[in-house]
Amino acid sequence: SIERDRILQYKGFIIHMKNILFVTESYTTAIRLIPVYLKGLGRNDVKPFILTVNHQNSQIRALYEEYNIKYLTPEDFLSNKDLEEIREHQNQYTKTADNEKNKMNKMDYHYKGIPILPLFHNYLITSNNDKLYSMMLFDKIVQAIQPDALVVAYDSGTVKKFFINRANQLDIPTFHVQYCYYMQDSKYPNKKMNSINYCLWGEHGNEGYLKDESVPNENIFITGNPTFDLHRYDKTKVKAKSKIPNDTINFLVSICSGVDIIDEYISEIEASHLSGNELFIFKIHPNYDHLYQDFKNKLSKTSFNYQIYDSSISAFELLSISDFFLTHAIDTLFCEAFYYDVSVILLNNALNTQSTNQENWVHLSQKKSDSWLYRNCLKIDSLSEFFDSPNIKSNMNKGKNAEIKARLFYRNDFNASDRVLDSILSKTN
């Protein structure tokens, strides 16, 4: 096993290095935690470990390889004997659950005459067997690493939720590093948070990301967005790498839904009066990388200038050379565009998706909570309005970007990762 405290002699002081375990499950959580992990490697007060529970995902593997990160996987902790023990427990639970179900009349639970007991039964077996696996895996990890803190970037789903709950039982400090943007007062409910401590991007995160007033102030840390620590770019180099001329007007177009949305975008762009020096850079959300070729085939039949990228290039890299960010949905990248001083265009009914339907549009224009943010976006029904109205571009004032960035992201000094680590250490003494 790995010793709990590694002690270094440094300038006459004894420094106890704390073992910090970072756990990622998806591409979007990995990009939030990797900067903090890398920063930890250069410090003498923490020993960081990073575990991915989804290493079969090629996006995640490529991301770790890009930064030359030696990551851990469940296989590093579970022997064949351990797996056999887990299966025995799962089989025992399944057998017990089946026996209990067989004692019941399936019509005891029904919806309009349709029995729903079998559905719930199958769901519970799958969910609880996953929980058994996750908790036994986490116990093995604790035996090997003896972490002083557990850090995730999303703690409400699958394995990480079980890890967090188990760590809380073991009195291991748990930390949730904010990984996305949530609208305040949205009808989309914030999922239940499970961590004890929270590292948030800015005051806005404290206002809206956490709605549960049961979280004490001493467990909330305003750190800034650690992603920006790592994603700093030279615009000239990025343009040269992507073969983008210096005289184009660059629109970064967010694709965060299925194939149909590309048809909507194409229709909008082709209906607009373009000058010819516009470049539309389509960026696919990691969840839809598998549709890359479908998107590309549709774009190949158009006449406007475009480029299209999947997760092989960072969205932040593309934001750094963009003039406008065009989206049909209120996603995280929309607010991060402000950090790069990119003007945001929000399309309404022309691109009618679940995230940007008429009801939600009323929310944007009438709700007072985030109105300060949406007022600094251009909200239009169709893209042709942007190109046909000569005054629109001049009215898109970037003067308030500094104020917006300060509220969304606290200090923009590329030291958020250090603040996250300091916050963690403050709870491990």
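What follows is an informal student and tutor chat about a predicted model. Local features need pLDDT of at least 70, side-chain atom pairs count only at pLDDT 80 or more, and totals for chains, interfaces and linings use all residues. Residues are numbered from 1 along each chain as its sequence is written, and side-chain values use heavy atoms, with hydrogens and water left out.

Student: How many aromatic pairs does a search of the whole structure find?
Tutor: Rings of Phe, Tyr and Trp (its six-membered ring) pair if their centres lie within 6.5 Å. Run over the whole structure, the search gives 22.

Student: Take Phe175 and Phe221: what kind of aromatic pair do they form?
Tutor: Planes under 30 degrees apart count as stacked, over 60 as edge-to-face and the rest as tilted. Phe175 and Phe221 are 6.3 Å centre to centre with 35 degrees between the planes, so the pair is tilted.

Student: Which strands does that pair of Phe175 and Phe221 tie together?
Tutor: Strands (E, at least two residues) and helices (H or I, at least four) are DSSP runs, numbered from the N terminus. The two residues are 46 apart in sequence. Phe175 lies in residues 174-177 and Phe221 in 220-222, so the strands are S7 and S9.

Student: Is Phe221 buried or exposed?
Tutor: Buried means under 20% relative accessible area, exposed over 50%, and partly exposed in between (1.4 Å probe, protein chains only). Phe175 has 0%. Phe221 has 16%, so Phe221 is buried.

Student: What is the geometry of the Phe334 and Phe338 pair?
Tutor: Both residues sit in helix H12 (residues 332-339), four residues apart, which means about one helical turn between them. Both are buried. Their ring centres are 6.3 Å apart and their planes at 75 degrees, so the pair is edge-to-face.

Student: Which ring does the charged end of Lys405 sit over?
Tutor: The test is NZ of Lys or CZ of Arg within 6 Å of the ring centre and within 35 degrees of the ring normal. Arg232 lies over the face of Phe414, at 4.0 Å from the ring centre. For Lys405 the distance is 5.8 Å, and the ring is that of Tyr339.

Student: Which are the edge strands of the open sheet of six strands?
Tutor: Two strands pair if DSSP finds at least two bridges between them. The order is S12-S11-S10-S13-S14-S15, with parallel pairing. An edge strand pairs on one side only, and here those are S12 (306-309) and S15 (378-380).

Student: Which residue in S12 does Phe282 stand opposite?
Tutor: Strand S11 (residues 278-284) runs parallel to S12, and four bridges join them. Opposite Phe282 in S12 stands Ile308.

Student: How many ångströms does helix H4 reach from its first C-alpha to its last?
Tutor: The expected span is 1.5 Å times one less than the number of residues. H4 (residues 117-145) has 29 residues, for which 42 Å is expected. The model comes close to that, at 41 Å.

Student: What is the phi of Asn68 near?
Tutor: Most residues other than glycine have a negative phi. Asn68 is in the loop between H2 (residues 58-66) and helix H3 (80-102), and at 68% relative accessibility Asn68 counts as exposed. Its phi is positive, near 55 degrees.

Student: And where does Asp341 lie?
Tutor: Asp341 also has a positive phi, near 55 degrees. With a relative accessible area of 35%, Asp341 is partly exposed. Its place is the loop between H12 and strand S14 (343-347).
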